[in-house]
There are 2 protein chains.
Amino acid sequence: MFEAQVTIGLKKGVSDPEGVNTLKALQLLGFTNVKNAATFRTIDLLIDGSDENKVLREVEQMCQRLLTNPVIHQYEIKILESK
Amino acid sequence: MFEAQVTIGLKKGVSDPEGVNTLKALQLLGFTNVKNAATFRTIDLLIDGSDENKVLREVEQMCQRLLTNPVIHQYEIKILESK
């Protein structure tokens, strides 16, 4: 059993309205020392399998077929052993 | 300058429809060895300051006042030094 953490962010140059608005709201609340805010999504998957490399390849496929939009997203996969 | 990574997830017992639907969709695509999917949001903040503890306390306040909903969310704060 493996745990795969897929962190999905926006590519450079793609605007992040959620981050922009979070930054604005924090500054309006008085947190004026916040200089930037960026948002990410993480999907934690629990995957049955015994071969870490095979699991990694599968998660790559999941990212390409469902989890991310290659036009705007960049992603990072972290595989952890789980019991 | 510090970078604060705030990871926001749902408390135990709170349903995660995005995770449930991701799991369903992955299984429909043939990834039947995926046993669970859970979703998280991460907000990366760049914060001006020199005292790590003070920054941590400020980020705690940001979480309580804006970033999270204490009824349904749990969160974790990681402070990293940034140049």
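The buried residues of helix α1 in chain A pack against β2 (34–47) of their own chain, and also against β2 (34–47) and α2 (52–67) of chain B. Keep in mind that this is a predicted model. The residues in question are Gly19(A), Thr22(A), Leu23(A) and Leu26(A), which are buried in α1(A). They sit on the same side of α1(A), because the arc they cover around the axis is only 100°. That fits the usual helix geometry: with 3.6 residues a turn, residues three or four places apart point the same way. Look at the other side of α1(A) and you'll find Pro17(A) and Leu28(A), both exposed.

How far apart are the end C-alpha atoms of α1(A), residues 17–28? They are 16 Å apart, which agrees with the 16 Å that 12 residues should span at 1.5 Å a residue. Just past the end of α1(A), Gly30(A) takes a positive phi of about 105°.

Now move on to the other helix of chain A, α2(A). This one doesn't match the straight-helix figure: its 16 residues put the end C-alpha atoms only 20 Å apart, short of the 22 Å that a straight helix would reach at 1.5 Å a residue. Its buried residues are Val55(A), Glu58(A), Val59(A), Met62(A), Cys63(A) and Leu67(A). Their arc around the axis is only 150°, so they too belong on the same side of the helix, here α2(A). Turned away from that buried side is a face carrying the exposed residues Asn53(A), Arg57(A) and Gln64(A). And what covers the buried side? The cover includes β1 (2–10), β2 and β3 (73–81) of chain A, together with α1 and β2 of chain B. So both chains contribute to the surroundings of α2(A), because the elements just named come from chain A and from chain B.

One residue in that buried set deserves a closer look. Glu58(A) is part of helix α2, residues 52–67 of chain A, and is among the residues that count as buried there. Which residues does Glu58(A) touch, once neighbours within four places in sequence are left aside? The contacts are Ile47(A) from its own chain, plus Phe31(B) and Asn33(B) across in chain B. For a sense of distance, take Leu46(A), 12 residues away along the chain: its C-alpha atom and that of Glu58(A) are separated by 12 Å.

Follow one of those contacts over to chain B. Asn33(B) sits in the loop between α1 (17–28) and β2 of chain B. Is Asn33(B) buried or exposed? With a relative accessible area of 17%, Asn33(B) is buried, since the cut-off for buried is under 20%. Its contacts, again leaving aside neighbours within four places in sequence, are Leu46(A), Ile47(A), Asp48(A) and Glu58(A).

While you're in chain B, have a look at its strands. β1(B), residues 2–10, pairs with β2(B) in the antiparallel sense over 7 bridges, and Glu3(B) stands opposite Leu46(B) of β2(B). β1(B) is also joined to β3(B), residues 73–81, by 9 bridges, and those two run antiparallel as well. Here Ala4(B) stands opposite Ile79(B) of β3(B).

Now step back to the interface as a whole. On the chain B side 29 residues are in contact, and they meet 29 residues of chain A. The size of an interface is often given as the accessible area lost when the parts come together. Between chain B and chain A, the buried area is about 2700 Å², with carbon and sulfur atoms giving 63% of that.

The count of salt bridges between chain B and chain A is 2. In one of them, Glu18(A) pairs with Arg41(B), and the closest N and O atoms are 2.9 Å apart. This pair joins two chains, because Glu18(A) lies in helix α1 of chain A and Arg41(B) in strand β2 of chain B. Glu18(A) is partly exposed, at a relative accessible area of 38%, and Arg41(B) is also partly exposed, at 31%.

Then there's the salt bridge between the side chains of Arg41(A) and Glu18(B), at 3.0 Å from N to O. Arg41(A) is in strand β2 of chain A and Glu18(B) in helix α1 of chain B, so this pair joins two chains as well. Arg41(A) is partly exposed, with a relative accessible area of 30%, and Glu18(B) counts as partly exposed at 39%.

Conventions:
Residues numbered from 1 in each chain as written. Chains lettered and ligands numbered in written order. Predicted model: local features only at pLDDT ≥ 70, side-chain atom pairs only at ≥ 80, totals over all residues. Heavy atoms only, no water. Helix = DSSP H or I, 4+ residues; strand = E, 2+ residues; numbered from the N terminus. Expected span 1.5 Å × (residues − 1). Buried < 20%, exposed > 50% of the residue type's maximum accessible area, 1.4 Å probe, protein only. Arc of directions from axis to C-beta. Contact = heavy atoms within 4.5 Å. Pairing = 2+ DSSP bridges. Buried area = accessible area lost by both parts, 1.4 Å probe. Salt bridge = Lys/Arg side-chain N within 4 Å of Asp/Glu carboxyl O.
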